[in-house]
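These are my notes from a session spent looking through one structure. I began with the ligand and then moved to the protein around it.

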Amino acid sequence: MKDTSYQGRNIVLIGFMGAGKTSLGKAVSKMLGVPFLDTDELIEQSEGMTISEIFEKKGEVCFRSLETETVRALADREGGFVLSVGGGLPLREENRPLLHKAGCVVYLQVSIDTLEKRLGDDTKRPLLHQGEGTLREKIARILAQREPLYLEAADVVVVNEHKTFREAAEEVAALAQALPKADPPEGV
Ligand code: S3P
């Protein structure tokens, strides 16, 4: 049955790998009493493979198409939810109106210093394990390409550092509750 109890806007978290989309998204979904969804997790379930295996066996282009299919389905999903999307998903132009259709798009912004600390032990994100340079150089290079698109895609920017986890989660939850359910953008 459709959940009609939640009256705020859905929240869609975007941002760089390691920005805290998944952990914060889970906390916000608990605060709001709505399901938490994650595009990477949905893709892994539907493909029966990890993200690294999909990159290795099917390639990044295929993964990006799976992201578009997934966000398209989520944009049409009824009922409240908090959604975290993979760090590269907002880059495809056709995905951005779908993100807005799904909910209020919140960019979780984090500095290079913090990302470097959080991603130091990563083994699951193929983009950090390919190409030239140190981890910091890779983060700086990819973030410089993406930051303008994250800002273009975002309705709101929330800085996810120099505050406690609870403060950041409450800030996002308050945003969701303050925003009424909106009509989707035209033509999507
Ligand atoms: C990616 C981010 C990852 C995952 C994949 C590609 C990216 O998700 O989708 O490894 O291009 O930034 P997270 O942002 O949840 O780490």
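**Entry 1. The ligand.** I looked up Asp 40 first and found an N or O atom of its side chain 2.7 Å from an oxygen atom of the ligand. I note at the outset that the model is predicted. The protein covers 95% of the 380 Å² of accessible area that the ligand has on its own. Which residues come nearest to the ligand? Of the 14 residues around the ligand, I listed Lys 21, Asp 40, Arg 64, Arg 125 and Arg 146 as the nearest. For Lys 21, I recorded a polar side-chain atom 2.6 Å from a ligand oxygen atom. For Arg 64, I recorded a side-chain N or O atom 2.7 Å from an oxygen atom of the ligand.

**Entry 2. Arg 64.** I then followed Arg 64 into the protein. I placed Arg 64 in helix H4, which spans residues 60–75. Is Arg 64 buried or exposed? I noted a relative accessible area of 14% for Arg 64, which is under the 20% limit, so I entered Arg 64 as buried. The side chain of Arg 64 also makes a polar contact with the side chain of Glu 67, at 2.9 Å. Setting aside residues up to four places away in sequence, I found Arg 64 touching Phe 55, Gly 88, Leu 89, Arg 92, Leu 127 and Arg 146. Arg 146 is also one of the residues that come nearest to the ligand.

**Entry 3. Elsewhere on helix H4.** I checked two further residues of this helix. Glu 69 has its place in H4 and is exposed, with a relative accessible area of 56%. I computed 9.5 Å between the C-alpha atoms of Glu 69 and Ile 43, which are 26 residues apart along the chain. Ala 75 is also found in H4, and I entered Ala 75 as buried because its relative accessible area is 9%. Leaving out residues up to four places away in sequence, Ala 75 touches Leu 98, Lys 101 and Ala 102. I also looked up Ala 75 against Ala 169: the two are 94 residues apart along the chain, and their C-alpha atoms are separated by 23 Å.

**Entry 4. Helix H2.** I returned to Asp 40 to examine the helix start. What caps the N-terminal end of helix H2? I found that Asp 38 does so for H2, residues 39–47, with a side-chain oxygen 2.9 Å from the backbone nitrogen of Asp 40. Asp 40 thus appears twice in my notes, with its backbone nitrogen facing the cap and its side chain 2.7 Å from a ligand oxygen. After H2 comes Gly 48, and I recorded a positive phi near 65 degrees for this glycine.

**Entry 5. The nonpolar core.** I next listed the largest nonpolar core, which has 56 residues; Ile 14 and Phe 16 touch the most other members. Helix H8, residues 165–178, gives the largest share of this core, six residues. I looked up the contacts of Phe 16 beyond its neighbours within four places in sequence: Lys 21, Leu 115, Leu 119, Ile 139, Ile 142, Leu 143, Arg 146 and Tyr 150. Lys 21 and Arg 146, both on this list, are also among the residues nearest to the ligand.

**Entry 6. Helices H1 and H6.** I located Ser 29 in helix H1, residues 21–32, and entered Ser 29 as buried at 7% relative accessibility. Apart from residues up to four places away in sequence, Ser 29 touches Val 34, Pro 35, Phe 36 and Val 82. I found Thr 114 in helix H6, residues 112–119, buried with a relative accessible area of 15%. From C-alpha to C-alpha, Thr 114 and Asn 10 are 27 Å apart, with their places 104 residues apart in sequence.

**Entry 7. His 162.** I looked up His 162 in the loop between strand E5 (156–159) and H8. The phi of His 162 is near 60 degrees, a positive value in a residue other than glycine. His 162 is exposed, with a relative accessible area of 81%.

**Entry 8. Cysteines.** How many disulfides are there? I counted zero, with sulfur atoms required to lie within 2.5 Å. I noted Cys 62 as partly exposed at 27% relative accessible area, and Cys 104 as buried at 2%.

Terms used: Residues are numbered from 1 along each chain as its sequence is written. This is a predicted model: local features need pLDDT of at least 70, side-chain atom pairs count only at pLDDT 80 or more; totals for chains, interfaces and linings use all residues. Side-chain values use heavy atoms; hydrogens and water are left out. A polar contact is a pair of N or O atoms within 3.5 Å; within protein, one must be able to donate a hydrogen and the other to accept it, and residues adjacent in sequence count only if both atoms are side-chain atoms. Helices (H or I, at least four residues) and strands (E, at least two) are DSSP runs, numbered from the N terminus. A nonpolar core is a set of buried Ala, Val, Leu, Ile, Met, Phe, Trp, Tyr and Cys residues joined through side-chain atoms within 4.5 Å. Buried means under 20% relative accessible area, exposed over 50%, partly exposed in between (1.4 Å probe, protein chains only). Contact means heavy atoms within 4.5 Å. A residue is near a molecule or strand if one of its heavy atoms lies within 4 Å of it. Accessible areas come from the Shrake-Rupley method with a 1.4 Å probe; for residues, only the protein chains shown count as cover.
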